Amino acid sequence: MNGAILTLENLTVRFGGLAAVDGVSFHVEPQTVHGLIGPNGAGKTTAFNLISGLGHQSDGHIRFDGETIDKWPSWQRAQRGLARTFQNIRMFGEMTVLENVLAGMHAHVGGGIGATLLRLKSFGAAEAAAIAKAREILAFVGLANISTRAGNLPYGDQRRLEIARALASDPKLMLLDEPAAGMNPSETSGLIDLLLRLKARGVTLLLVEHDMHFIMHLCDRITVLNFGRKIAEGTPIEVRSDAKVIEAYLGTKVAERLEAGARVR
Amino acid sequence: MLAQQLVNGIISGATYALFALGFTLMFGVLNVINLTYGVYFSTGALIALYATRNFAFPILLALPLAAVATGLIAVVIDGLLLTPLRRKKAPELASLMVTLGATLLLYSLMTAFIGTDIQRFPPAAIDSSAIEIGGVRVSRSQILIVGTAFAMVALLLALMRGTRLGLAIRALAENPDAARLMGVDVTLVTFFVSFVSGTLGAAAGILIGLNYNAIQPYMGEVMMLKGFAVIIIGGLGDIRGALIAGLILGLLEGLTAGYVASSLKDAVGFLLLVLTLWFRPVGLFGRAAVKRA
Amino acid sequence: MLKKLTALAALPLAASLWSAAALAQSKEPVTIGAIEILTGPNNKYGIAIKNGFDLALESVNKNGGVLGGRPLAITYEDSAGNKDQAINAARQLIGRSKVPLILGPTLSNEMFAAGPVANERKIPIVGTSTTANGITAIGPYVFRTSLPEADVVPVTLKTAQQKLGIKKVAVMYGNDDAFTKSAYDVMKAALEKLGIETLTTETFGGKDTDFSAQLTKIKGLNPDAIVVSALVEAGSGILLGKKALGFPEKVRVIGGNGLNAPKVMEIAGDAANGTLVGSPWFIGKADPASQKFVEAYKAKYNMDPDQFAAQAYDTLFIVAAAINAAGAAEPEKIKDALGKVKYTGVMGPFSFTENRDPAETSGVVVIEMRDGGFKQFN
Amino acid sequence: MTEAHSLPLLDVRGLVLGYGRIDAVKGVDLSVEAGRVVTLIGANGAGKTTTLRGLSGLLRPRAGSIRLAGTDISALSANRIARLGIVQVPEGRQVFANMTIDENLRMGAYLLSDRAEESRRREHVLTRFPRLAERRTQSAGLLSGGEQQMLAMGRAMMADPKLLLLDEPSMGLAPRFVEEIFRIIAEFKAEQRTILLVEQNARAALEIADQAYVLESGRITLSGPAADVANDQSVVAAYLGGA
Amino acid sequence: MPAFLDDFLFSYQSLIYALGINGLLALSMYVVLAIGQLSLGQAAFMGLGAYTSALLTLKLGTPFALVLLASMAVPALAALIIGVPTLRLSGVYLALATIGLGEVLRIAFVNSELTGGALGLSGIPEKAGYAIIFGALLLALIAFVLVSRSRLGRAMEAMREDEVAAGMLGVHLPRYRISALVVSAMLAGLAGALNAHVSSFISPNDYGFDAAVTILSYALLGGIGSPFGPVVGAIILTLLPEVLRPLHDFRLVFNGLIIVIAVLFMPHGLVPWRIGRTGARP
């Protein structure tokens, strides 16, 4: 627990009377791939939003990289080293591929308004370095056409670009919300490869995904949510054989019992 | 004197409320700040004016006629400007900008052809005689305005709560997709709401024009500034809020002019507006009530 | 091709026109400039003024023009009521058309913007409808023939004081308009000078329609009259509001030049009855020159002239006289000559003061609105 | 039932649906016989909800045909389709939170002009869902998730649909509500209603349904009698990424 | 200077000045639109700048350089006051609040003795000229180009495209929003001061709603892909009525039409070219 990069303590958020995330606690160890799974409506994306600062919890705490970040706005969390991608890609469609990645480096590229306007040497150097790094990241994720308008990229490449953009902020922790959604099998295997290389690079990953093959393949640990609560946690093998998880995914045998009840009536 | 000032305040407050009703309805249901609304105010008054003056229509016929005609214009404007944006799911500022441009276009077109000269209803159109009770004077047209404002609020609330169409409107306001699944023809209901708003705007223009007997194209623009204040203070989309905020504004303005300084009269509304934005941006009465009604 | 044809067709004509052309060479027209509101919402003022100029121009040219037979001509520029366009117009008249004198612009606001341009280039500029304070203070090349409010209003108030015995009044003015504000300043000074007590001073906006709060307060103070500085729109609204609140008949409205318009009676109807305004001229003036002007104007334009047309009409004769006296179409000479012009026109005797304002106020008439028309009050 | 039995009530051929540049449903064929409960199961993101949105007209098909009792309805708008008797209970309930329960039910009968029939149906629904009856004048937004789901189903019943589309009725609900929802579906089935059920709770869905389709990445990969599908190992694989 | 050139410059001086001043105003609108916000306070900020500068020149005889600084500082302060509460709300509120600001300022100018009430201020000496107006425009353009091609420019465009995503990349959204509004106010204030010092006379009614909408039409006609778009838009809309006299009457109709067409059919404006966002050769 001490070495955890991210710790959720009793995280709870209510909308109206309903608790979308209900007392969830878990932590993510550095340099691991951690999966967050659960059926639809289990509260995964809500939990992601709370962690990334796009909403605020009603109760509980979030600790990230040694700081309690409960009230931090999203940009502050990002500056501290938290990056994320979105379920439905949020690309800067008008900007080029390279510019998208450079935008991702926002928090780390130097250059205040003074240096920018005076075009100080430091500014040029910072920009050149940023571009070099962006090229490196793009090569890493396998995108070559750096001056293409991002909106014109094919879907799979947009996913890659979004990851590249998140990676550009040099994150300690990256949240990936359904990175494989809408990908075909070959794109998916390319993505797995990419994420494994990311992990090797030292980035901690927390991901929400529905493709179980993908999850089981990639994750070191998995947390399972249902009805906003944590119902299981462990290694992929542990989770896969957990009765509560199977029940959550495949459902209870309610129908049987019901039919029995109906006959009685 | 105080009694007369209070009555004055209520009358001008009722004119603000009457004006703001259609404006706030449009926002509450269609989720757009439609700046062309002020144009409906002027258009309604001008159509009624031409009908009574050039075609000798009695005012009781000219009023509904002009209101309906303006309602149809509102539908056309919605169809031309806002429907395409809705289809594209454009950001809310796009609709604000497009109606802003349209407003400038329509006002300047009107003045280019009509001029900004004040025009008046023929004297026979209205009975301007006043009633005096205990030293307080009210004219018939003023009673008509206050009555209409309250009646319209009651009517709108009854429509929203009691009728199937009203339910459909509220359903549309809240969740257009779910409304469609219930069989609501969203396009038709959208046009209906535009129509009702246009009609309300026009009715306000005609009655207020009758009362002050001064009609010109830019009358809607002046009213719009008060309209912003009323709908923000009352809460965007709140029908009852519009009535109450209108009355509050009218009374405060009247009392300011009567007992403080008339030069500060116009500042009151904006002061209230700024305070609302600072401290209670959802308006005095909480969130959009068209949806709740 | 087309050009050639035209040239051929023109040949026979050319010969016969030879002598006329030679004459025109020596009789080159003297072109002066005018900046008026010819388009846009306030063009009724500009058009009345242009009509007045044109009518006078006809008469000047019929009687031999200026400078020994040279025709006088006017180049009009439209200001559309916009001060930036007024500046543009002044610059183009001076820099491009090279006029020796400019008439106009229509509004005081426009003069405050365009006047300095002309003054800087030492071109005389003559306002015919600018009544605000401080117009001629712009500089030594700025003149006006319109009586400033400062001359008209005291006459009106004094007449009311003498004939009606007014002792205490309430004042209302539009505080967002240069014209009504400056007229108010004049009213305030005149009331003090005449020893009339001001019970309260209320303001309103030019686009307001509801004056009930101010009028209710005024009614409670029981004034002998209400002194109003407003334009037509607000002014007629005040009259209607006053009637609606049931003011006693004897409480009259005394207005500035802004209320001096038949439109007020048209809008306010019988609520306008009894309203007093001072005017440099009015259509019912029983003066033969004036009557002749009214007839000529009606014949040419098929409508009644107003004070703006009358002022413009006189102004053109004054300018023509100055050009003749100057002996050349040169700005400096015309400017000097203008200061010395003595002329009697439809508005009465006219000359400029040292400060280039009209010297005579004897032409001012106080008129009363009654049943849709103006009647002389004094 | 007067429909010709040779003709399925709903017949979908080659349906393609998508958002933006992506096709989410890539040529689906399925049919629903009158009086049957048919379930469409599959992992999240497989295209189940998208399919239902296509059927109810919220999403315009890019290709393919949707026939209701033989008539192609694929070009019709949602409100026209509702008029024909296809009623969808959308994913996530989508009750009108600011309206009362009564008003929500009245919205369900929006297309019905017979007021007497409307109140008869309302009484019927309220008898079936006594929880709702207790709170008929309260805002729907104040209900719990399970109660909202009941309201959504009750609202759909107000239209007396020919074909009921249920989209993930058990999603995000506590177990006791899941049971209750399936009890209600069982009752509907007993009343011979025609239902197309999209569920993630595959086991419960397969037990209640007559016929089942398995959707994977926008394509039907398996179909047949529900009992057969339930016994197919690949179904478990589809969910938990086995193998 | 040859006489004909002198006459030409004299005749068209105010038109040429207007090109530069309107260009500055267009840029002041651009900086707000560039981050996806809408302000209708440009005319009000312009008025504040104009009054501040005119009062300092007329009443205190302040050196012109200081006057110009003050004419930017005062509107900037107003932008802070109006911006801080509204920028937490949706974009619509900023637009409405800035319309309100215009009206409040008009009332204030009209009621204050200091500002000459409705009579405005006249006799403002002509202290600005070609050099300073076009110098300011050029400097502003260069500054915008430099900012565009930097991390600041990238953050601004990112905000316009997707605020949430921009925030997730560490872009301090409130700081950018308020800075954009403040810079916008400063530019508009400067334009107001320059205008006051070439037209000798200012009055409260010069800075109304129509003016604000006209400024918006400059930016939308030119397009906001680069800072050049709005300036081109301003030049066209300033010259067009002069070239096409018949348009004069319908100038406002035309401006309104342009906004409608730009929003509905021409989202990139007349200058669709988009400025690059890198500060070094990629």
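1. Where in chain C does C:Pro105 lie? In this predicted model, C:Pro105 is placed in the loop of chain C that runs between β3 (102–103) and α4 (108–120). The peptide bond that leads into this residue from C:Gly104 is cis, and its omega is near -10°. A reader new to the structure may wish to keep the general background in mind, which is that most peptide bonds are trans and that most residues other than glycine have a negative phi.

2. Two further loop residues deserve a look for their backbone angles, and the first to consider is A:Glu178, which is not a glycine and yet has a positive phi of about 50°. A:Glu178 sits in chain A, in the loop between β7 (173–177) and α7 (185–200). Its relative accessible area is 8%, and because buried means under 20%, A:Glu178 counts as buried.

3. The other residue is C:Asn222, again not a glycine, whose phi is positive and near 55°. In chain C, this residue belongs to the loop between α7 (212–221) and β8 (225–229). Is C:Asn222 buried or exposed? Its relative accessibility is 53%, and since the cut-off for exposed is over 50%, C:Asn222 counts as exposed.

4. Turning to the fold of a single chain, chain D contains ten helices and ten strands. Its radius of gyration is 17 Å, close to the 18 Å that the globule rule gives for 243 residues, so chain D is as compact as a globular protein of that length. Measured out along its principal axes, the C-alpha trace of chain D spans about 50 × 40 × 40 Å.

5. The interior and the surface of chain D can be described together. Of its 243 residues, 57% are buried, and among contacts with a separation of 6 or more, 66% join residues that are 24 or more positions apart. Chain D exposes about 9300 Å², of which carbon and sulfur atoms supply 48%. As for charge, chain D has 29 positive and 28 negative charges, and the mean positions of these two groups are 5 Å apart.

6. The last point concerns the interface between chain E and chain A, where 34 residues of chain E are in contact with 37 residues of chain A. Between them the two chains bury about 3000 Å², and 65% of this area is on carbon and sulfur atoms. On the chain E side, the residues that lose the most area to chain A are E:Arg151, E:Met168 and E:Leu169, which together make up 26% of what that side buries.

Technical notes: Residues numbered from 1 in each chain as written. Chains lettered and ligands numbered in written order. Predicted model: local features only at pLDDT ≥ 70, side-chain atom pairs only at ≥ 80, totals over all residues. Heavy atoms only, no water. Helix = DSSP H or I, 4+ residues; strand = E, 2+ residues; numbered from the N terminus. Rg over C-alpha atoms; globule rule 2.2 N^0.38 Å. Buried < 20%, exposed > 50% of the residue type's maximum accessible area, 1.4 Å probe, protein only. Contact = heavy atoms within 4.5 Å. Areas by Shrake-Rupley, 256 points an atom, 1.4 Å probe, with all protein chains shown as cover. Lys, Arg positive; Asp, Glu negative; His and termini not counted. Charge placed at Lys NZ, Arg CZ, Asp CG, Glu CD. Buried area = accessible area lost by both parts, 1.4 Å probe.
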